[in-house]
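Welcome! Please take a moment to look over the sequence and the model below before reading on.

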Amino acid sequence: MYPRAFQYHRAKSQSEAISLLSELGDDAKLLAGGQSLIPLMKLRLSTPGHLVDLNFIPDTSYIRRNGALTFGAMTRHAEIAASAEAMQIPILHDCAAGIADPQVRNLGTIGGSIAEADPTGDWAPVLLATGATVSTLGPDGARSIDIHDFILDAYTTTLQPAELITEIAVPLAAERSGGAYIALKRCAPVYANASVAVQLTIDDAHTCKDARIYLGVLGLTATRVSAAEDALRGQAVTKQRIETVRQAVMDIAQPNSDMRGTADYKRQAAGALAKLAVGAALRRARGEHVEVTHLYA
Ligand SMILES: Cc1cc2nc3c(=O)[nH]c(=O)nc-3n(C[C@H](O)[C@H](O)[C@H](O)COP(=O)(O)OP(=O)(O)OC[C@H]3O[C@@H](n4cnc5c(N)ncnc54)[C@H](O)[C@@H]3O)c2cc1C
């Protein structure tokens, strides 16, 4: 289907984009990679009368290390997947490299993904597990928002009218930390059936000092699995401990049955992914180089 007719505005700066949004009101939408917005417009689930294009604003796509790892909102998934800097926090590479296919990764942006807050998106569980901060700019100035406070619900964020995301900052991982993000997918260009993000810090080769575990896809927002984190914290990460994590994940997951699989299938998948992700995160925390890829079934 063709989208509704719209007027196209090419913003030359973030302040011009904010002014345009303020002037045009609810009928205007920002255009980043277009990988969520354009399909929705073609289905006429989104019918903006104006698009404000962010793609020609200088210095909005970058990866910098300055106390944290910072990503300009317009940084493409593919740039993050190819970045040696991002590789230093391997869970970021797991996420970026596994999003859809090269076409989507070459256009889709980290800022657009977070703004969309699609419950099946990959970035939310990973940015929650790493404790990221979202910077925004709007008519009332700049804000810095903890990712936990930024995503409010499915497709709902704390972004105010005419406010845009400028940057996402991921804290540099503490020493002896490691993370992993693994999703189960039918094939590359589709969203996941279930996903798990794990970020661990260890005291010695076996004992977990801290853990953050989030499920993606299995609820309206990414789900924190506090019971699994508590089971690991201060404990040796043994096979039995990892089995406790698997059970805690399965207990909290609340998937729906749909065309991607039954609720029980997704719950079992989440438990199995959690085992794999904890294992990979632990090995990375020990300093091992571990390749992680999504599972396709
Ligand atoms: C076939 C296909 C498969 C996909 N599979 C996956 C997948 O497996 N995992 C996954 O995570 N994603 C997937 N995606 C989505 C993809 O990751 C998109 O890149 C992402 O959801 C949106 O980013 P975008 O830059 O394309 O944003 P757009 O589509 O341009 O924008 C999305 C929304 O965010 C708003 N917005 C954009 N940038 C900003 C900003 N800086 N500040 C405020 N608001 C902003 C827009 O106004 C719009 O409402 C898939 C997409 C397609 C087409």
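Here is a short tour of the ligand site, the salt bridges, the cysteines, a surface patch and a few loop residues.

## A word on the model

Please keep in mind that this is a predicted model.

## Around the ligand

Let us begin with the ligand and its neighbours. A shell of 30 residues surrounds the ligand. The closest of them are Leu-30, Gln-35, Ser-36, Thr-109 and Asp-122. Which elements supply at least two residues each to this shell? They include strand 2 (28-31), helix 7 (110-116) and strand 10 (164-171). Helix 7 gives the most, with 4 residues.

Some polar atoms deserve a closer look. A backbone N or O atom of Leu-37 lies 2.7 Å from an oxygen atom of the ligand. On the backbone of Ile-165, a polar atom is 2.8 Å from a nitrogen atom of the ligand. Tyr-191 takes part through its side chain, where a polar atom lies 3.0 Å from a ligand nitrogen atom. Taken alone, the ligand exposes 970 Å², and the protein buries 90% of that.

## Just past helix 7

If you follow the chain on from helix 7, you come to Asp-118, in the loop between helix 7 and helix 8 (123-130). Is Asp-118 buried or exposed? With a relative accessibility of 15%, Asp-118 counts as buried. For a sense of distance, try finding Leu-273 as well: Asp-118 and Leu-273 are 155 residues apart in sequence, and their C-alpha atoms are 21 Å apart in space.

## Salt bridges

How many salt bridges does a search of the whole structure find? The search finds 14. One of them joins the side chains of Glu-16 and Lys-12, at 3.8 Å from N to O. Glu-16 is partly exposed at 26% relative accessibility, while Lys-12 is exposed, with a relative accessible area of 60%.

Two further pairs each bring together a buried partner and a partly exposed one. Lys-266 and Asp-258 meet through their side chains at 2.9 Å, N to O. Here Lys-266 is buried, with a relative accessible area of 5%, and Asp-258 is partly exposed, with 39%. Shared partners also link salt bridges into one network, made up of Asp-210, Arg-224, Glu-229, Asp-230 and Arg-233. Within that group, Glu-229 forms a salt bridge with Arg-224, and the closest N and O atoms are 3.1 Å apart. Glu-229 is buried at 2% relative accessibility, whereas Arg-224 is partly exposed at 34%.

## Cysteines without a disulfide

In general, a disulfide is a covalent bond between the sulfur atoms of two cysteines. How many disulfides does this structure hold? The number is 0.

Why does Cys-95 not form such a bond? The closest cysteine sulfur to that of Cys-95 belongs to Cys-187 and is 18 Å away, so the two are too far apart for a bond. A disulfide would need the pair of sulfur atoms to be within 2.5 Å. Cys-187 tells the story from the other side, since its closest cysteine sulfur is the one in Cys-95, also too far for a bond at 18 Å. As for their surroundings, Cys-95 is buried, with a relative accessible area of 0%, and Cys-187 is partly exposed, with 32%.

## A nonpolar patch on the surface

Now turn to the surface. Phe-6, Tyr-8 and Phe-56 make a nonpolar patch there of about 300 Å². Where is Phe-56 found? Look in the loop between strand 3 (50-53) and strand 4 (63-65). Phe-56 is partly exposed, with a relative accessible area of 46%.

## Two arginines with positive phi

Most residues other than glycine have a negative phi. With that in mind, consider Arg-44, whose phi is positive, near 60°. Arg-44 is found in the loop between helix 2 (37-42) and strand 3, and counts as partly exposed at 42% relative accessibility.

Arg-176 also has a positive phi, near 55°. The place to look for Arg-176 is the loop between strand 10 and strand 11 (177-185). At 41% relative accessibility, Arg-176 counts as partly exposed. Strand 10 may sound familiar from the ligand site, where it supplies at least two residues of the shell.

Definitions and conventions:
Residues are numbered from 1 along each chain as its sequence is written. This is a predicted model: local features need pLDDT of at least 70, side-chain atom pairs count only at pLDDT 80 or more; totals for chains, interfaces and linings use all residues. Side-chain values use heavy atoms; hydrogens and water are left out. Buried means under 20% relative accessible area, exposed over 50%, partly exposed in between (1.4 Å probe, protein chains only). Patches are made of residues with over 30% relative accessible area and no salt bridge: like charges are joined within 9 Å, nonpolar side chains (Val, Leu, Ile, Met, Phe, Trp, Tyr) within 5 Å. Accessible areas come from the Shrake-Rupley method with a 1.4 Å probe; for residues, only the protein chains shown count as cover. A salt bridge is a side-chain nitrogen of Lys or Arg within 4 Å of a carboxyl oxygen of Asp or Glu. A residue is near a molecule or strand if one of its heavy atoms lies within 4 Å of it. A polar contact is a pair of N or O atoms within 3.5 Å; within protein, one must be able to donate a hydrogen and the other to accept it, and residues adjacent in sequence count only if both atoms are side-chain atoms.
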